[in-house]
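Trainee: Please give me a close look at the salt bridges of this model, and then set them in the context of the rest of the fold. I would like one connected account that I can follow with the structure open.

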Amino acid sequence: MSDEQSISNGQLGRIQGDLAIMRRAMGLQLYFGNGILVFSMLLFVAALTAAFLSLIFESSWLHIVPFAVFMALSLIGLFFQSRFADLSHEIKLQAILSITVYFAVICAACGYVLAAFCGPSIGTTRTVALYVASLSYILTLMFILVLNALKTRERYYCLGLAFSLILAGLLVPICDPHFSFPLAHCIMAVGYLSVVLIQRIQLREASLQNATD
């Protein structure tokens with residue numbers, strides 16, 4: 001009797017595991033909750049604040065300071081949160097990707113600013129090389145994000161981050177170099193807000209489906 005009970009319990013556990021996998025594949029069971037929306041909203045507010053400070057201060061190095069502080073605090077916060085709470089791999093991945101995309105957009109803005117202000121002194125060839133290098137790694141990272149989004153519904157947030165890269169590639173090169181950094185911060189704010197909207201819709205769909213089951 002005990003053997004039969006253990007076998008049935010084992011089969012029941014496998015069935016429950018298979019159901020969990022199916023529900024996650026259908027987007028009915030998500031690894032993230034409302035907490036991840038709070039995180040993305042904080043990123044949105046931080047990016048807007050950085051854009052505002054970049055407009056106030058005329059010194060070019062102060063345009064990058066808000067981003068550097070934001071990135072450092074985010075990494076420190078992620079480290080301590082991982083120490084005191086059991087964060088899933090997907091949550092850590094989203095945090096790291098969010099910071100990485102911010103870094104990529106700011107670096108692209110730096111490349112375009114250097115090309116605009118240093119073009120006459122460094123020559124046409126090096127100026128074109130700066131533009132090409134900035135655009136190339138933006139497109140590469142965007143391609144990686146889109147591939148990640150196609151792998152699973154839980155990574156649809158990557159589309160919001162990829163949207164930031166698209167905007168950066170389209171708007172930063174044609175923008176006045178004096179406003180490149182404020183624009184880059186605003187672009188990241190738009191990307192983070194897109195992430196919030198995407199994941200909010202997913203949570204709502206999962207909640208409605210669970211209510212009908």
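**The salt bridges and their surroundings**

Mentor: The structure holds 2 salt bridges, and since this is a predicted model, the distances and areas that follow describe computed coordinates. In one of the two, the side chains of R155 and E90 meet at 2.8 Å, taken from N to O. R155 sits in the loop between α5 and α6 while E90 belongs to helix α4, so this pair ties together parts that lie 65 residues apart in sequence. With a relative accessibility of 13%, R155 counts as buried, and E90, also at 13%, counts as buried as well, because the cut-off for that class is under 20% relative accessible area.

The surroundings of R155 can be followed a little further. Once its neighbours within four places in sequence are set aside, R155 is in contact with E90, L93, N148 and A149. The list therefore includes E90, the partner with which R155 forms the salt bridge.

The other salt bridge joins the side chains of R153 and E205, with an N to O distance of 3.3 Å. R153 lies in the loop between α5 and α6, and E205 in helix α7, so this pair ties together parts that are 52 residues apart in sequence. Here the accessibility class is partly exposed for both residues: R153 has a relative accessible area of 25%, and E205 has one of 42%. Taken together, the loop between α5 and α6 supplies R155 to a pair with helix α4, and that loop supplies R153 to a pair with helix α7.

To place these pairs, it helps to step back to the whole chain. The protein has 7 helices and 0 strands, so that, read from the N terminus, its elements run α-α-α-α-α-α-α. Of its 213 residues, 36% are buried, and the accessible surface comes to about 12200 Å², with 70% of that area belonging to carbon and sulfur atoms. Among contacts between residues at least 6 apart in sequence, 77% join residues at least 24 apart; the two salt bridges, with partners 65 and 52 residues apart, also link distant parts of the sequence.

The helices that the salt bridges reach, α4 and α7, also take part in the largest nonpolar core, to which α2 (34-56), α4 (89-122), α5 (124-151), α6 (157-171) and α7 (180-212) each supply at least two residues. This core has 42 residues, and the members that touch the most others are V101, Y102, L145, L161, L165 and Y192. The largest share of the core, 10 residues, comes from α4. L145 gives a local view of the packing, since, leaving aside its neighbours within four places in sequence, L145 is in contact with L97, V101, C158, L161, A162 and L165.

Helix α6, on the far side of the loop that holds both arginines, has 15 residues and spans 22 Å from its first C-alpha to its last, close to the 21 Å expected at 1.5 Å a residue. Its buried residues are Y157, C158, G160, L161, A162, S164, L165, L167, A168 and G169, and among them C158, L161, A162 and L165 are also in the contact list of L145. Helix α2, another contributor to the core, has 23 residues and reaches 33 Å from first to last C-alpha, close to the expected 33 Å, and its buried residues are I36, L37, S40, L43, F44, A47, A50, A51 and S54.

On the surface, F143, I144, V146, L147, L150, Y156 and L159 make a nonpolar patch of about 630 Å², and the largest share of that patch, 5 residues, comes from α5. L147, one of the patch residues, lies in helix α5 and counts as partly exposed at 39% relative accessibility. V128 also lies in helix α5 and is partly exposed, with a relative accessible area of 45%. The C-alpha atoms of V128 and Y112 are separated by 10.0 Å, although these residues are 16 apart along the chain.

How values were computed: Residues are numbered from 1 along each chain as its sequence is written. This is a predicted model: local features need pLDDT of at least 70, side-chain atom pairs count only at pLDDT 80 or more; totals for chains, interfaces and linings use all residues. Side-chain values use heavy atoms; hydrogens and water are left out. A nonpolar core is a set of buried Ala, Val, Leu, Ile, Met, Phe, Trp, Tyr and Cys residues joined through side-chain atoms within 4.5 Å. Buried means under 20% relative accessible area, exposed over 50%, partly exposed in between (1.4 Å probe, protein chains only). Helices (H or I, at least four residues) and strands (E, at least two) are DSSP runs, numbered from the N terminus. Contact means heavy atoms within 4.5 Å. Accessible areas come from the Shrake-Rupley method with a 1.4 Å probe; for residues, only the protein chains shown count as cover. The expected span of a helix is 1.5 Å times one less than its number of residues. Patches are made of residues with over 30% relative accessible area and no salt bridge: like charges are joined within 9 Å, nonpolar side chains (Val, Leu, Ile, Met, Phe, Trp, Tyr) within 5 Å. A salt bridge is a side-chain nitrogen of Lys or Arg within 4 Å of a carboxyl oxygen of Asp or Glu.
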